[in-house]
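Open the model in your viewer and keep the sequence panel beside it. We will go from stop to stop, with something to select at each one.

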Amino acid sequence: IHPGYGFLSENADFVDATTSAGLIFIGPSSAAMRSMGGKTGARELMAKANVPIIPGTTYPLKDFTEAAKVAKSIGYPILIKAVHGGGGKGMRKVDEVGELEQSFRQAKSESKSSFGSESVFIEKYLQNPRHIEIQILADMHGNAIYLGERECSIQRRHQKVVEECPSSVLTPDIRKRMGEAAVNAVHKCGYVNAGTVEFLMDSDKSFYFLEMNTRLQVEHPVTELVFGLDLVKAQIRIAQGEELSLTQEQVVPRGHAIECRIYAEDPLEGFIPSTGRVEDYMPSEGYGIRHDSGIMRGSEIVHFYDPLLSKLVVWGTDRSESIRKMKRALEEFKISGVSTTIPFCAFVISDPQFIVG
């Protein structure tokens, strides 16, 4: 079973059910998933592996009284986060003590409804950080490699909108240190298959472990285009017991890739979900343009599912070519019947601050 990248792909109970049925789960073991999928346990494990972590708790909070003590000790602003969360669900930023109680209650409630658990923890909120993640592959024979990084700092509601590979701010030294930290994390928990170790980087380029996604990421195509690899094929081969086909020295990047997530949302109305029937669907085409899509003309967009419609990915020989290609691709991409984030993505890509990195 290949679980894609929905919530079941990080559900350890689903992994156990799959293997108990005599099937192979294409992903990590349930033990590795439990150790790294729960954010507090992962933070504790990373601290033991000497990987820098953001100040905060490495355990779920018992109650509001404990939350208030922790928040006061590390100082505002803080983030309350779901232990088993992802995709920005069960997360609340708290700027001052007066906001804490309501935010604590809301985070627990959203965590319960989204992930079946009320467990939350607290970490320090870093001002204007960069969100950098490292793609890793690990086989059953003790081999692990990192495949560069993805810059995922352009977000709304803590969910990614634009991703690129490589990042415009990483130096070769930082990339190496971050990659080696990610591989250390993998070895520490006996992780096998594809995964992503996420870091936050502050303005002085210090980086901190954020979390590990024990699955394929939505934005994996930018890594595939830059490194010339099919990550899903690699996942299947690892699950079959094969050794990795590459050593770290053989991992060589080429060019630059950018992905824009096309959501059924109205960016002019606070990104509220947009529903309806897709009347027209005409993706852009051309060399170095890729679409991963789940819709076609006539598809019905309803509110029961994630609003992601399509991923538009471009590859260029360098970042400036990649940006130019994405601008054109967004101009040519036509979807009617529902509102989409295409105009917002075009706004981001054309912004002078984005262009200079």
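**Stop 1: two helices in a row**

Select helix H2, residues 30-37, together with helix H3, residues 39-48: the two pack at an angle of about 85 degrees, and their axes are 5 Å apart. That angle makes H2 roughly perpendicular to H3. Keep in mind as you look that this is a predicted model.

Now show side chains where the two helices touch. On the H2 side, pick Ser35, Met36 and Gly37; they meet Lys39, Gly41, Ala42, Leu45 and Met46 of H3. Coloured by class, this contact of H2 with H3 shows four nonpolar, three polar and one charged residues.

**Stop 2: another helix pair**

Two packed helices are described by the angle between their axes and the distance between the axes. Try that description on helix H4 (residues 64-74) and helix H5 (residues 100-115), which pack at about 120 degrees with axes 11 Å apart. Roughly perpendicular covers 65 to 115 degrees, so H4 and H5 count as oblique to each other. Their crossing is right-handed.

Which residues of H4 and H5 meet here? Select Phe64, Ala67, Ala68 and Ala71 in H4, then Leu100, Glu101 and Phe104 in H5. By class, the contact of H4 with H5 has six nonpolar residues, no polar ones and one charged.

**Stop 3: a cis bond after H4**

Most residues other than glycine have a negative phi, and most peptide bonds are trans. Zoom in on the bond from tyrosine 76 to proline 77, which is cis, with omega near 0 degrees. Proline 77 sits in the loop between H4 and strand E1 (78-82).

**Stop 4: the second cis bond on the tour**

Move along to cysteine 165 and proline 166. The peptide bond from cysteine 165 to proline 166 is cis, again with omega near 0 degrees. To place proline 166, show strand E6 (159-165) and helix H6 (172-188); the residue is in the loop between them.

**Stop 5: a positive phi**

Next, select lysine 205. Its phi is near 70 degrees, a positive value in a residue other than glycine. Where is lysine 205 found? Look in the loop between strand E7 (193-201) and strand E8 (207-213).

**Stop 6: the second largest pocket**

Switch on a surface for this one. The second largest pocket holds about 260 Å³ of space. Its lining has 14 residues, and those closest to the pocket centre are Tyr146, Arg175, Phe227, Val251 and Pro253. Strand E5 (144-156) and helix H7 (220-227) are the elements that give two or more residues to this lining. E5 has the largest share, with four residues. Colour the lining of the second largest pocket by class and you will find eight nonpolar, three polar and three charged residues.

**Stop 7: a cavity**

Hide the surface and turn on a clipping plane. How many cavities of 30 Å³ or more are there? The count comes to one. The largest cavity contains about 30 Å³ of space.

To frame the largest cavity, select its lining: Pro3, Gly4, Ser9, Phe25, Ile26, Gly27, Pro28, Thr214, Arg215, Leu216 and Gln235. By class, this cavity lining has five nonpolar, five polar and one charged residues.

Definitions and conventions. Residues are numbered from 1 along each chain as its sequence is written. This is a predicted model: local features need pLDDT of at least 70, side-chain atom pairs count only at pLDDT 80 or more; totals for chains, interfaces and linings use all residues. Side-chain values use heavy atoms; hydrogens and water are left out. Axes are lines fitted to C-alpha atoms, for helices over the stretch in contact, and angles run from 0 to 180 degrees between N-to-C directions. Angles under 35 degrees count as roughly parallel, over 145 as roughly antiparallel, 65 to 115 as roughly perpendicular and the rest as oblique. A crossing is left-handed if the near helix is turned anticlockwise from the far one by less than a right angle, and right-handed if clockwise. Contact means heavy atoms within 4.5 Å. Ala, Val, Leu, Ile, Met, Phe, Trp, Tyr, Cys and Pro count as nonpolar, Asp, Glu, Lys and Arg as charged, and the others, Gly among them, as polar. On a 1 Å grid over the protein atoms alone, a cavity is a set of points where a 1.4 Å probe fits but cannot get out, and a pocket is an open set with protein on both sides within 12 Å along at least five of seven lines; lining residues have an atom within 4 Å of a point. Grid points are joined across faces, edges and corners, and a volume is the space filled by probe spheres set on the points.
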